[in-house]
Amino acid sequence: MGEILEKNNTEKMNQKDLEEIVNYIAKRGIEAIKTHTEEINPSLDYLAIFSKDEGEFKRLLQLVELLGEEIDKEVAKTGRTFLLHKPLSTSAGPLQVLKIRRPDPTRPQRGAPDFKISNYAEFKEKYLSTSGSFTLMIRKDYEMIELKGIDVLVYFPSLTLTERL
């Protein structure tokens with residue numbers, strides 16, 4: 001697992017390395033959804049990679065800056081978010097919006113995929129009150145439900161990032 005998720009601090013990251021990290025996070029997100037819900041084919045809206053250290057953060061940024069344009073600069077303190085010129089293919093569907101998050105000791109997971117679900121209100125009612133696996137998180141203009149998976153935090157926002165931009 002670690003060999004595809006971390007590169008030597010001096011090695012440059014390539015697109016294949018990035019795709020392996022993204023697919024690992026997306027796959028873990030889908031596994032968590034299948035384990036804890038009855039959702040069928042949730043749509044991947046956005047994905048954040050949690051950098052393990054400053055070196056990885058810089059290597060990921062060097063690569064992603066070539067693959068997309070920075071957006072959503074208001075949240076730049078935690079990392080940088082990009083709209084990719086060409087979507088990355090994942091097991092959870094195409095990925096157009098990618099965040100590279102700064103190293104953070106409170107985020108030991110590898111990343112966080114956000115999924116759009118067909119009916120947020122029904123999902124919230126069904127899973128939030130009946131399962132201890134979900135947590136409601138209130139934000140200024142929206143709310144989201146968090147599900148802790150294996151090495152990922154999975155989010156189901158009431159408004160997706162692409163809808164908020």
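Trainee: Why is the link between the side chains of Arg80 and Glu70 called a polar contact?

Mentor: In this predicted model, the distance joining the side chains of Arg80 and Glu70 is 3.1 Å. A polar contact requires a pair of N or O atoms within 3.5 Å, and the value of 3.1 Å satisfies that cut-off. The side chain of Arg80 also makes a polar contact with the side chain of Glu65, at 2.8 Å.

Trainee: Where does Arg80 lie, and which residues does Arg80 touch, not counting residues up to four places away in sequence?

Mentor: Arg80 belongs to strand β3, which covers residues 79–88. With that exclusion, Arg80 touches Leu61, Glu65, Glu70, Leu98, Lys99 and Ile100.

Trainee: What makes Phe123 and Tyr127 an aromatic pair, and why is the pair called tilted?

Mentor: A search of the whole structure finds four aromatic pairs. For Phe123 and Tyr127, the centres are 4.8 Å apart and the planes meet at 50°. Ring centres must lie within 6.5 Å to pair, and planes under 30 degrees apart count as stacked, over 60 as edge-to-face, and the rest as tilted. The value of 50° therefore makes this pair tilted. Phe123 and Tyr127 are about one helical turn apart, because they are separated by four residues in helix α4 (residues 120–128).

Trainee: Why is the pair of Tyr127 and Phe134 called tilted?

Mentor: Their ring centres are 5.5 Å apart and their planes stand at 35°, so this pair is tilted. Ring pairs join Phe123, Tyr127, Phe134 and Phe156 in a cluster.

Trainee: How do you know whether Tyr127 is buried or exposed?

Mentor: Buried means under 20% relative accessible area. Tyr127 has 7%, so Tyr127 is buried. Phe134, with 6%, is buried as well.

Trainee: How do you know whether Asn41 is buried or exposed?

Mentor: Its relative accessible area is 71%, and a value over 50% counts as exposed, so Asn41 is exposed. Asn41 is found in the loop between α2 (15–36) and β1 (43–50), and has a positive phi of about 50° although it is not a glycine.

Trainee: What makes Asp151 partly exposed?

Mentor: The relative accessible area of Asp151 is 22%. Partly exposed covers values between the 20% limit for buried and the 50% limit for exposed, so Asp151 is partly exposed. Asp151 is placed in the loop between β7 (143–148) and β8 (153–157). Asp151 has a positive phi of about 70°, although it is not a glycine.

Definitions and conventions. Residues numbered from 1 in each chain as written. Predicted model: local features only at pLDDT ≥ 70, side-chain atom pairs only at ≥ 80, totals over all residues. Heavy atoms only, no water. Phe/Tyr/Trp six-rings, centres within 6.5 Å; stacked < 30°, edge-to-face > 60°. Helix = DSSP H or I, 4+ residues; strand = E, 2+ residues; numbered from the N terminus. Buried < 20%, exposed > 50% of the residue type's maximum accessible area, 1.4 Å probe, protein only. Polar contact = N/O pair within 3.5 Å; in protein donor to acceptor, adjacent residues only side chain to side chain. Contact = heavy atoms within 4.5 Å.
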